[in-house]
Amino acid sequence: MSNRGNPRMVKRFNKGFIISHWVNAGSFFILYISALPMYTEFFDWLYPIFGGPAGARLVHRIAAVTFMLPLPILIFFDRQGLRRWSKNIFSWKKHDFQFLTQFPKEFFGLKAKTPKQDFFNAGEKINSWLMIVTAIMLIGSGIVMWFPLYFPHGFVLWAYPIHNVGLGLSAAVAIAHIYMSIKLAKPSLNGIFKGDVTEKYAEEHHGRWYDELKEEEKEKRKLG
């Protein structure tokens with residue numbers, strides 16, 4: 001923990017995790033915008049932004065490559081963050097399911113009695129799994145669509161609807177994620193931009209993680 005004036009801040013994310021997050025978000029946004037005019041004529045007015053259909057396809061393919069970079073970024077620059085994230089999303093306990101029963105109240109701005117949560121709460125764990133599933137759908141089907149000559153005809157036929165479904169689901173996940181970050185947990189934004197969150201936010205939204213931080217602080221004091 002660190003005291004940077006008022007309020008007191010605690011470290012939440014390292015630079016590697018932050019970069020990985022924004023590479024994922026930025027590439028997804030570019031993929032989505034560049035795909036719209038290719039998906040329906042209604043968005044043909046977007047083509048001039050990319051210099052025409054060929055330009056849109058080029059931008060889409062470049063963004064597709066960057067969309068696959070977040071995991072390698074974590075592996076090479078923030079293995080600790082990757083391990084913590086992986087451990088958290090595979091850990092489901094009583095407090096996670098209790099969170100889910102209270103989450104609808106919190107989502108609609110009502111008073112909720114949510115139990116203490118881990119570094120990632122149950123909602124963030126579900127969001128992570130949805131992101132993993134939709135990313136696999138988009139990347140897998142996208143590769144088949146990009147190199148159709150290397151795959152059986154049946155694979156190519158199925159790739160298009162899978163890609164469309166993956167796009168729809170991932171867009172819904174992204175919108176919900178943005179809404180919850182801005183509306184329900186605005187203090188968390190500082191964490192994903194600068195790496196730190198207020199101690200108050202950590203205690204109120206990630207109580208189990210906050211308790212771990214307090215225990216670590218006590219141990220350091222004993223050793224110091």
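1. Let's start with K218. In this predicted model, K218 counts as partly exposed, at 47% relative accessibility. The salt-bridge partner of K218 is E215, with 3.9 Å between the closest N and O atoms. E215 counts as partly exposed too, with a relative accessibility of 44%. Both residues sit in helix α11, three residues apart, so about one helical turn separates them.

2. Now for a wider set of charges. R8, E199, K214 and E217 are joined into one network by salt bridges that share partners. By the rule used here, the count of salt bridges comes to nine.

3. Take one pair from that network, E217 and R8. Their side chains meet in a salt bridge at 3.1 Å, N to O. What does this pair tie together? E217 belongs to helix α11 while R8 is in the segment before β1 (9-11), so the bridge ties together parts that are 209 residues apart in sequence. Are the two ends buried or exposed? E217 counts as buried, at 13% relative accessibility, because the cut-off for buried is under 20%. R8, on the other hand, is partly exposed at 25%.

4. One more salt bridge to look at is K125 with D118, where the closest N and O atoms are 3.0 Å apart. Here K125 is buried, and so is D118.

5. On to the nonpolar side of things. In soluble globular proteins, nonpolar side chains tend to be buried together. In this model, the largest nonpolar core has 18 residues, and F13 and W209 are those with the most contacts inside it. Which helices each supply at least two residues of this core? They are α1 (15-39), α5 (79-90), α10 (199-205) and α11 (207-223). There is also a second, separate core of seven residues, and F28, L31, A63 and F67 are among them.

6. F13 deserves a closer look. Leaving out residues up to four places away in sequence, what does F13 touch? The list is I18, F119, F120, G191, I192 and G195.

7. Not every nonpolar side chain is tucked away. V65, M68, I143, W146, F147, L149 and Y150 form a nonpolar patch on the surface, and together they have about 740 Å² of accessible area. If you want one residue to find in the patch, try L149, in the loop between α7 (122-146) and α8 (153-184). L149 has a relative accessible area of 83% and is therefore exposed, since the cut-off for exposed is over 50%.

8. Next, a serine in helix α1: S34. With a relative accessible area of 0%, S34 is buried. Which backbone oxygen does the side chain of S34 reach at 3.1 Å? That one belongs to L31. The backbone oxygen of I30 also lies 2.7 Å from a polar side-chain atom of S34. Setting aside neighbours within four places in sequence, S34 is in contact with F50, A56, V59 and H60. L31, for its part, is one of the residues in the second core.

9. A second serine, S188, is found in helix α9 (residues 188-194). S188 is buried, with a relative accessible area of 18%. The side chain of S188 reaches the backbone oxygen of A185 at 2.5 Å. Beyond neighbours within four places in sequence, S188 is in contact with S181, V197 and Y201.

10. Finally, two pairs of residues to compare along the chain and in space. L130 lies in helix α7 and counts as partly exposed, at 40% relative accessibility. L130 and V173 are 43 residues apart along the chain, with 7.2 Å between their C-alpha atoms. G168 has its place in helix α8 and also counts as partly exposed, at 42% relative accessibility. How far apart in space are G168 and F119, C-alpha to C-alpha? The distance is 28 Å, and the two are 49 residues apart in sequence. F119 is one of the residues that F13 touches.

Key:
Residues numbered from 1 in each chain as written. Predicted model: local features only at pLDDT ≥ 70, side-chain atom pairs only at ≥ 80, totals over all residues. Heavy atoms only, no water. Core = buried A, V, L, I, M, F, W, Y, C linked by side-chain atoms within 4.5 Å. Buried < 20%, exposed > 50% of the residue type's maximum accessible area, 1.4 Å probe, protein only. Helix = DSSP H or I, 4+ residues; strand = E, 2+ residues; numbered from the N terminus. Contact = heavy atoms within 4.5 Å. Patch = residues over 30% accessible without salt bridge, like charges linked within 9 Å, V, L, I, M, F, W, Y side chains within 5 Å. Areas by Shrake-Rupley, 256 points an atom, 1.4 Å probe, with all protein chains shown as cover. Salt bridge = Lys/Arg side-chain N within 4 Å of Asp/Glu carboxyl O. Polar contact = N/O pair within 3.5 Å; in protein donor to acceptor, adjacent residues only side chain to side chain.
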